[in-house]
Amino acid sequence: MIVISFRRAVQKVLDEDGANYENVLKKKLSEVKSVSVTLDICSDRTMRGFLAMTVHFIDGYTLKRGVLAVPRFEGR
């Protein structure tokens, strides 16, 4: 079984190139036929909740992923 740390994966994607990330992702998504959007509730080390919205798509023969938003999830 493969276990992927979601928090680390999201942080890696966001750190890659924050300034151009949104424009690059929009351009890539406009070129693909279909996407899969996923939602996940996760927390940081201090137990603050977040709603992570990600997108997965195939670019050529490679599976790619992107982060659409990670807003703070307040409440219980």
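Strands here are DSSP runs of E with at least two residues, numbered from the N terminus. The model shown in these close-ups is predicted.

**View 1. Met-47, in the loop between strands β1 and β2.** The two strands flanking this loop span 36-43 (β1) and 49-59 (β2). Take a look at the backbone here: phi of Met-47 is near 70 degrees, a positive value in a residue other than glycine. Most residues other than glycine have a negative phi. Met-47 counts as exposed because its relative accessibility is 64%, and the cut-off for exposed is over 50%.

**View 2. A nonpolar patch on the surface.** Val-35, Val-37 and Leu-68 make up this patch, and together they offer about 250 Å² of accessible area. Val-35 sits in the loop between α2 (21-31) and β1. With 43% relative accessibility, Val-35 counts as partly exposed.

**View 3. Two salt bridges within helix α2.** Glu-22 pairs with Lys-26, their closest N and O atoms lying 3.2 Å apart. These two residues are four apart in the helix, so about one helical turn separates them. Further along, Lys-27 forms a salt bridge with Glu-31, at 3.1 Å between the closest N and O atoms. Lys-27 and Glu-31 are also four residues apart in α2, about one turn. Glu-22 and Lys-26 are both exposed, as are Lys-27 and Glu-31.

**View 4. A salt bridge between Asp-59 and Lys-28.** Here the side chains meet at 2.9 Å, N to O. The pair links distant parts of the chain, with Asp-59 in strand β2 and Lys-28 in helix α2, 31 residues apart. Asp-59 counts as partly exposed at 27% relative accessibility, and Lys-28 counts as partly exposed at 30%. The structure holds four salt bridges, among them this one.

Technical notes. Residues numbered from 1 in each chain as written. Predicted model: local features only at pLDDT ≥ 70, side-chain atom pairs only at ≥ 80, totals over all residues. Heavy atoms only, no water. Buried < 20%, exposed > 50% of the residue type's maximum accessible area, 1.4 Å probe, protein only. Patch = residues over 30% accessible without salt bridge, like charges linked within 9 Å, V, L, I, M, F, W, Y side chains within 5 Å. Areas by Shrake-Rupley, 256 points an atom, 1.4 Å probe, with all protein chains shown as cover.
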